[in-house]
Amino acid sequence: MCLSFLDTVLQVVWHVANFVAPAFGMACALSVLLRLRGAHVAKHALLRVWFTLFGLGVAVAVLGMALTNLDGAMLTYAALVLVTGSAAAWFARSGS
């Protein structure tokens, strides 16, 4: 009985980790690219930028799943790139 409960918990954790993985990857990549872009972007704290991009990415993933009833629809991934890219561009412009 205990093993099946642990199995279920691990499956839930694994599913949530895979659900937020695209948002995590976009936040990491864009944060690093913004940091490498130049010193004027350094006005914003790296963790603040990362958490903002990650939060937006997770929000887009949840909204995409709610609207399409699919986990991982291509439209959701396109929206993820558009929203996080727009936020990264805002961070880049507001830093100068």
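Colleague: What follows α2, and what is the sign of its phi?

Modeller: α2 is followed by Asn69, with a positive phi near 60°, although Asn69 is not a glycine. Asn69 sits in the loop between α2 and α3 (74–94). Helices here are DSSP runs (H or I, at least four residues), as are strands (E, at least two), numbered from the N terminus. Bear in mind that this is a predicted model: local features need pLDDT of at least 70, side-chain atom pairs count only at pLDDT 80 or more, and totals for chains, interfaces and linings use all residues. Residues are numbered from 1 along each chain as its sequence is written, and side-chain values use heavy atoms, with hydrogens and water left out.

Colleague: Why does Asn69 count as exposed?

Modeller: Exposed means over 50% relative accessible area, buried under 20%, partly exposed in between (1.4 Å probe, protein chains only). Asn69 has 68% relative accessibility, so Asn69 counts as exposed.

Colleague: And what makes Gly72 partly exposed?

Modeller: Its relative accessible area is 30%, so Gly72 is partly exposed. Gly72 is also in the loop between α2 and α3, and its C-alpha is 9.9 Å from that of Asn18, 54 residues apart in sequence.

Colleague: Why is Val81 called partly exposed?

Modeller: Because its relative accessible area is 47%. Val81 is in helix α3, with its C-alpha 9.0 Å from that of Ala23, 58 residues apart along the chain.

Colleague: How do you know that the span of α2 agrees with what it should be?

Modeller: The expected span is 1.5 Å times one less than the number of residues. For the 23 residues of α2 (residues 46–68) that should be 33 Å, and the end C-alpha atoms are 33 Å apart, so it agrees. Among the buried residues of α2 are Val49, Trp50, Leu53 and Phe54.
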